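This report covers the nonpolar cores, the fold and the surface of one chain. The sequence and structure are shown first.

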Amino acid sequence: MITLNLGILGCASSADDVPVRQVIQDANLVDKNYAAADALLARAPWLKERRDPLLAATFVDINNLEASSGLGRVIGEQIGSRFAQQSFTVIEIKMRNNIFVAEGTGELTLSRSVKEISQSHNAAAVIAGTYAVARQSVYVTARLIRATDNLILASYDYVIPLGPDAKALVAAQ
């Protein structure tokens, strides 16, 4: 019995031997997305003077342009919200399978339905974008796109740490 106990004690390790994984902290998504909206507006200052309506779309997964997640919906909602706070008329369009289509060249273009919606509301542009989930981060590209010809009027790229909240939002379909 004594030999057995010594064997068990010999295999025990201290807490110092256990590798510690760094916990990724979530960013404040509201702050990140509001900063993105502010950056888009700074890159298209003429929008402030015209005050034409804008469409706010769900952001889509760069690896599957017909899919999104809770994160993609939150990003679109919060950026649209920031534009509304800046006194813009923002018309929300919920995620549909036909908001974006992938061209053979890999370019994103707005679908015909978005063009029709923007024309019926006299919208100057669509707030849209993509996100890519990596091991520790989510890379986001936010854009203001002129619906009539898909011209990118403004673009802003940013990174969101893939903490527990961001992971949960990515997993939420």
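## Main nonpolar core

In this predicted model, the largest nonpolar core consists of 30 residues. Within this core, Ile79, Phe83 and Leu144 have the most contacts. Two or more core residues come from each of helix 2 (29-43), strand 1 (54-57), helix 4 (70-85), strand 6 (125-133), strand 7 (137-145), strand 8 (152-161) and helix 6 (164-171). Helix 2 supplies the largest share, five residues.

## Surroundings of Leu144

When its neighbours within four places in sequence are left aside, Leu144 is in contact with Leu40, Ala44, Leu47 and Phe83. Its other partners under that condition are Ala125, Val126, Ile127, Leu151, Ile152, Leu153 and Ala154.

## Second core

Another core, of 10 residues, lies apart from the largest one. Among its members are Leu55, Ala57, Ile91 and Ala123. In soluble globular proteins, nonpolar side chains tend to be buried together.

## Secondary structure and contacts

The chain has six helices and eight strands. Their order along the sequence is α-α-α-β-β-α-β-β-β-α-β-β-β-α.

Of the contacts between residues at least 6 apart in sequence, 67% join residues at least 24 apart.

## Burial and surface

The chain has 173 residues, 40% of which are buried. The area it exposes is about 10,000 Å², with 51% supplied by carbon and sulfur atoms.

Technical notes. Residues numbered from 1 in each chain as written. Predicted model: local features only at pLDDT ≥ 70, side-chain atom pairs only at ≥ 80, totals over all residues. Heavy atoms only, no water. Helix = DSSP H or I, 4+ residues; strand = E, 2+ residues; numbered from the N terminus. Buried < 20%, exposed > 50% of the residue type's maximum accessible area, 1.4 Å probe, protein only. Contact = heavy atoms within 4.5 Å. Areas by Shrake-Rupley, 256 points an atom, 1.4 Å probe, with all protein chains shown as cover. Core = buried A, V, L, I, M, F, W, Y, C linked by side-chain atoms within 4.5 Å.
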